[in-house]
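User: I'd like to go through this model bit by bit, starting with how some of its helices pack. Can you take my questions one at a time?

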Amino acid sequence: YCRALAVGVQDGIADEDVERWLPEARKVHERILKERESGLLAFWDIIEDEKVEERVLEIAEHFKGRLVDNIVVLGIGGSALGAQALFDALVSPFYNLTTRPRFFVLDNIDPLTFSQFLDMVDLGRTVFVVISKSGTTAETLSQFLIVKERVVSLLGREALKKHFVVVTDPDKGVLRSWVRESGVLSCDIPPGLGGRFSVLSAVGLVPAALLGLDIRELREGARAMAALCETASVIENPAYCNGLYHVIADLDKGKNIHVYWAYSDSLYSFADWLRQLIAESLGKKVGEKLYGPTPVKARGVTDQHSQLQLYREGPNNKIITFIGVKSWPADVDIPPAEEESLADAGYLGGKKMGELFHAEQRATAWALAEAGRPNITLWFPQVTPYTIGQAFFLYELQTVFMGYLYGVNPFDQPGVELSKKMTYGLMGRKGFEEFVRYL
Ligand code: PA5
């Protein structure tokens, strides 16, 4: 699908553009191979580690048969976006209205939302999955302290084990210390695995397994994509090929806004997960050089009536990825427009809603291509645990590949860390006084 991007699109990417980059891309492949062999690519190792699934399923088993009305993830960034993406991809948007346990990801610490949540929830029937790689993030810790205190005062300290699961570093951080003290169930996040690369570890799997989603199929999909991405041939390797086109678009063609346009409500949160993966991994300063495309998410078809005008006729500084779905487990027939007054709507009658949806996606891609706006389509045959697992891995590897082509470290996030330290300073955490600089 990558090659389709260039064909006939004015201001697109020609074969010569790609060929110029191939020697560099091959070096990156060699580097990835070496790092894999040395165990430096934790996001790859994790999908091959069967113990992860076993431990996660053990935890899910522990809660089976209990009266649980709510599963609540407390976590932020890479410790939240994957779980939300999985939930939105694999269950109905109306799930929480009709099914128990309901599922919530409380990543933000907006005091109004959080207090409204506390007013609404029955703590006696709630399981909190506290996720923090570092085990020190202020947002997650503050939420944790609040709900822990409420559970203890309402149900007693002995109830903690029934209401908490912690996913964190195996050794470090406040949360790990608390696990040791309280004896609550926990799962490890391997030390080398960064938050935004962790969805296929316990970080995404524990919430998914508690909801009864098929985590084996999810990881099977990731492994299948990993196998496809072993090839050194840049054009045949989906992660390398797509990554290379995006780097060329950014560095050589001035298209540094990368739009991820999910043509499925179920994949909108996936685009959100992707936005973080790209922004935090690639937005870096190397010496005096500044790197990183700006990832933007959009929803199809909704944003045709909001963003499309800009994407087609505004500055030509974007490359757009449509994330499409070939078929859905359910579709809706549009009935004939029988009344004479509705004659102009007659062309819709007898069609399926999915047909209209696909026509709109196609028309949007055409309208963009005609205006010389490069776009690409990633098709999900259907959204299933398997295909979403494939897509997670595809973009993880693609992001690492792009990072190495840019010459940045995709695994660190010094900007995020600085703001965390400044927050600690402002909130009076000992040892962080020097970060309070602008009072
Ligand atoms: O990707 C990352 O590293 C970050 O977005 C983290 O996931 C986020 O800051 C939360 O950190 P932690 O999981 O340590 O609480």
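User: What is the handedness of the crossing of α3 and α10?
Analyst: Bear in mind that this is a predicted model. Helix α3 covers residues 50-63 and helix α10 covers residues 202-210, and their axes sit 9 Å apart at an angle of about 35°. The crossing of the two is right-handed.

User: How many nonpolar, polar and charged residues are in the contact of α3 with α10?
Analyst: Let's take each side in turn. From α3 come V52, R55, V56, L57, I59, A60 and F63, and they meet A202, L205, V206, A209 and L210 of α10. Sorted by class, that contact has 1 charged residue, no polar ones and 11 nonpolar ones.

User: Is E61 buried or exposed?
Analyst: E61 is found in helix α3. In space its C-alpha is 8.3 Å from that of L210, although the two are 149 residues apart in sequence. Around E61 there are 10 other C-beta atoms within 10 Å, and the cut-off for exposed is 12 or fewer. So E61 counts as exposed.

User: Moving on to α13 and α16, are they roughly parallel or roughly antiparallel?
Analyst: Helix α13 spans residues 268-282 and helix α16 spans residues 385-406; their axes come within 10 Å and cross at roughly 20°. Angles under 35 degrees count as roughly parallel. Therefore α13 is, relative to α16, roughly parallel.

User: Which residues of α16 make the contact with α13, and how does the contact split by class?
Analyst: This crossing is right-handed. On the α13 side the contact is made by F270, L274, L277, I278, S281 and L282, and on the α16 side by I388, A391, Y395, E396, T399, M402, G403 and Y406. By class that gives 10 nonpolar, 3 polar and 1 charged residues.

User: How many of the residues of α13 are buried?
Analyst: First, its length: α13 reaches 21 Å from its first C-alpha to its last, close to the 21 Å expected for its 15 residues at 1.5 Å a residue. Among its buried residues are Y268, W273 and E280, along with F270, L274, L277, I278, S281 and L282, and those last six also take part in the contact with α16. The helix is mostly covered, and the buried count is 11 of 15.

User: And how many are buried in α12?
Analyst: Helix α12 runs over residues 238-251, which is 14 residues. End to end, C-alpha to C-alpha, α12 reaches 20 Å, close to the 20 Å expected at 1.5 Å a residue. It's mostly covered too, with a buried count of 13 of 14.

User: Which residue does a cis peptide bond join to R100?
Analyst: The place to look is the loop between α5 (95-98) and β2 (102-106), where P101 lies. The cis bond there has an omega of about -5°. The residue it joins to R100 is P101.

User: What is omega for the cis peptide bond between G300 and V301?
Analyst: V301 is found in the loop between β9 (294-299) and α14 (308-313), and G300 lies in the loop between β9 and α14 as well. The cis bond joining them has an omega of about 0°.

User: Is G300 buried or exposed?
Analyst: Leaving aside its neighbours within four places in sequence, G300 is in contact with W261, A262, Y263 and Q361. There are 23 C-beta neighbours inside 10 Å, and the cut-off for buried is 20 or more. So G300 counts as buried.

Technical notes
Residues are numbered from 1 along each chain as its sequence is written. This is a predicted model: local features need pLDDT of at least 70, side-chain atom pairs count only at pLDDT 80 or more; totals for chains, interfaces and linings use all residues. Axes are lines fitted to C-alpha atoms, for helices over the stretch in contact, and angles run from 0 to 180 degrees between N-to-C directions. Helices (H or I, at least four residues) and strands (E, at least two) are DSSP runs, numbered from the N terminus. Angles under 35 degrees count as roughly parallel, over 145 as roughly antiparallel, 65 to 115 as roughly perpendicular and the rest as oblique. A crossing is left-handed if the near helix is turned anticlockwise from the far one by less than a right angle, and right-handed if clockwise. Two residues are in contact if their C-beta atoms, placed from the backbone, lie within 7 Å. Ala, Val, Leu, Ile, Met, Phe, Trp, Tyr, Cys and Pro count as nonpolar, Asp, Glu, Lys and Arg as charged, and the others, Gly among them, as polar. The expected span of a helix is 1.5 Å times one less than its number of residues.
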